Amino acid sequence: MAQTRDQALKDRAAKVIPGGMYGHLSMQLMAPNTPQYFERAKGGYVWDYDGNRYIDFMCGFGPNLLGYGHEEIDAAFVEQLKQIDAAVGPSAHMIELAEAYVDQITHADWAMFCKNGSDATTISLLTARAHRGRKKILLAAGAYHGASTWNTPLPAGTVPEDRANFIYYEYNNPDSLRAAADEAGEDLAGIFATPFKHEVFQEQLLPNPEYARAARQICDTKDAILVVDDVRAGFRLERDCSWRSLGVQPDLSSWGKSLANGHAISAVMGNERAREAAKQIFVTGSFWFAAAPMAAALKTLEIIQTSEYLERSIKLGERLRDGLASLADTAGVPLTQTGPAQMPLIMVTNDQGERDHFASQNFCAGLLQHGVYFHPYHNMFITAALSDADIDHTLDAAHSVLRTLPAQVAA
Ligand code: PMP
């Protein structure tokens, strides 16, 4: 078989990019022949360099909330680009956007803007520590908060001191959280929590309200800062901070990915309590004040407020989940589907319910052949731009692939 263009690109990359690819786009644990490079994206679809179109259930790992190449959002971006973008200072969009988020997000009295989720979580970390000049931060064991020295998942290049002042608790376990807070004693600066447990390779867990309330209560009692890391789930569960439905408001929330539907901007939002600390820290970046992504974020927020995008993505996710469950049942393939329907993690398991990586890879590799891009071990994202016909196509594809899997699962 002739070499694919994607493989030719991978071969070139291997010479000039360390490891060929790094970070979350590394292909090491993906099915062989998963495309790495993409030439075009529109709505809910991406096209690889070999002309194959895929229904995309990854949404760029989050940013594609409303559809790739969204005409109104991209027009707002381009218009602003023509006017002024990264310059000696920001445009008035910065204030307008902060005002809009303060109106939209219940706990927010102010906002700061940056580029990536890691910037936003690091600003939250500095603010929490600056609040009372304390050191200890409680993190849920295994939770992903970015790729800075304090939170990168691999140890290479970091030193134990980078993590000297973190205490790890078990997500959703109020007793474990209280024990970690006791250990921090008078030196507790803050608690970080993701909206739900969305680690790779593991079943996702929705938050237990008792745990969320315990986090709030500890921070109130100890005058520490509660941070909800909404980088991944922001605006995918709520049109507000994701813990709104639990009745728990954080002091700080970190945002990124979906804010401008793919344009580069992230944010930290905070309440009055955290304002003084946020004034003291020094954080900045050459591109943080760029106007075009802010114009795109304002347009994205307007669509978030005025459309049924959220209800639609939930409905599409539920159709997918129900359809897959019934197909897997008929085919005798154990499939676990966890997390919110619009952010599902779907894995093939063995009879004991343990994740079967090889079978999960095969499931994804089979779907690729039918023009469907699934991920074998990371949660996926459902964009409101998909149609019911896309879900039907995906279920038809799954029907064909699942029939070929049982033998492999058993083996
Ligand atoms: N926090 C969470 C919960 C995330 O999911 C991510 C990215 N996957 C980050 C922080 C880091 O965001 P970024 O990759 O934009 O730096």
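# Loops and packed helices in a predicted model

Apart from residues up to four places away in sequence, Ser 91 touches Gln 80, Ile 84 and Ala 291; contact here means heavy atoms within 4.5 Å. The model is a predicted one, in which local features need pLDDT of at least 70 and side-chain atom pairs count only at pLDDT 80 or more, while totals for chains, interfaces and linings use all residues. Residues are numbered from 1 along each chain as its sequence is written, and side-chain values use heavy atoms, with hydrogens and water left out.

## Residues in loops

Ser 91 sits in the loop between helix 2 (71-83) and helix 3. Helices (H or I, at least four residues) and strands (E, at least two) are DSSP runs, numbered from the N terminus. Between the C-alpha atoms of Ser 91 and Gln 80, which are 11 residues apart along the chain, the separation is 9.6 Å. The side chain of Ser 91 also makes a polar contact with the side chain of His 93, at 2.7 Å. A polar contact is a pair of N or O atoms within 3.5 Å; within protein, one must be able to donate a hydrogen and the other to accept it, and residues adjacent in sequence count only if both atoms are side-chain atoms.

The table lists Ser 91 with other loop residues. Buried means under 20% relative accessible area, exposed over 50%, and partly exposed in between (1.4 Å probe, protein chains only).

| Residue | Loop between | Relative accessibility |
|---|---|---|
| Asn 33 | helix 1 (5-16) and strand 1 (38-42) | 68%, exposed |
| His 70 | strand 3 (53-56) and helix 2 | 17%, buried |
| Ser 91 | helix 2 (71-83) and helix 3 | 16%, buried |
| Asn 172 | strand 6 and helix 5 | 15%, buried |
| Ser 258 | strand 9 (252-255) and strand 10 (266-270) | 2%, buried |

Ser 258 is in contact with Gly 62, Pro 63, Leu 65, Gly 234, Phe 235 and Thr 300, leaving aside its neighbours within four places in sequence. With residues up to four places away not counted, His 70 touches Asn 261 and Ile 303. Asn 33 has a positive phi near 75° and is a residue other than glycine. For Asn 172, which is not a glycine, phi is positive at about 75°.

## Helix 6

Helix 6 (residues 209-222) has 14 residues. Its first and last C-alpha atoms are 20 Å apart, close to the 20 Å expected at 1.5 Å a residue. The expected span of a helix is 1.5 Å times one less than its number of residues. At the start of helix 6, a side-chain oxygen of Asn 208 comes to within 2.9 Å of the backbone nitrogen of Glu 210. After helix 6 comes Asp 223, whose phi is positive, near 55°.

In helix 6, the buried residues are Tyr 211, Ala 212, Ala 214, Ala 215, Arg 216, Ile 218 and Cys 219. The elements they pack against are strand 6 (166-169), helix 5 (174-184), strand 7 (188-193), strand 8 (225-229) and helix 7 (272-280).

## Helix 8 and helix 3

Helix 8 is mostly covered, with 12 of its 16 residues buried. Among them are Ala 291, Thr 300 and Ile 303. Their cover includes helix 2, helix 3, strand 4 (110-114) and helix 9. The end C-alpha atoms of helix 8 are 23 Å apart, which agrees with the 22 Å that its 16 residues should span at 1.5 Å a residue.

Two packed helices are described by the angle between their axes and the distance between the axes. Axes are lines fitted to C-alpha atoms, for helices over the stretch in contact, and angles run from 0 to 180 degrees between N-to-C directions. Helix 3 (residues 93-104) and helix 8 (residues 291-306) have axes that come within 9 Å and cross at roughly 25°. Helix 3 and helix 8 are therefore roughly parallel to each other. Angles under 35 degrees count as roughly parallel, over 145 as roughly antiparallel, 65 to 115 as roughly perpendicular and the rest as oblique.

Helix 3 passes helix 8 in a left-handed crossing. Residues making the contact include His 93, Leu 97 and Tyr 101 of helix 3 and Met 294, Leu 298 and Leu 301 of helix 8. A crossing is left-handed if the near helix is turned anticlockwise from the far one by less than a right angle, and right-handed if clockwise.

## Helix 9 and helix 11

The axes of helix 9 (residues 309-331) and helix 11 (residues 388-404) come within 10 Å, crossing at roughly 20°. Helix 9 and helix 11 are therefore roughly parallel to each other, and their crossing is right-handed. Residues that meet here include Leu 316, Leu 320 and Leu 327 in helix 9 and Ile 391, Leu 395 and Leu 402 in helix 11.
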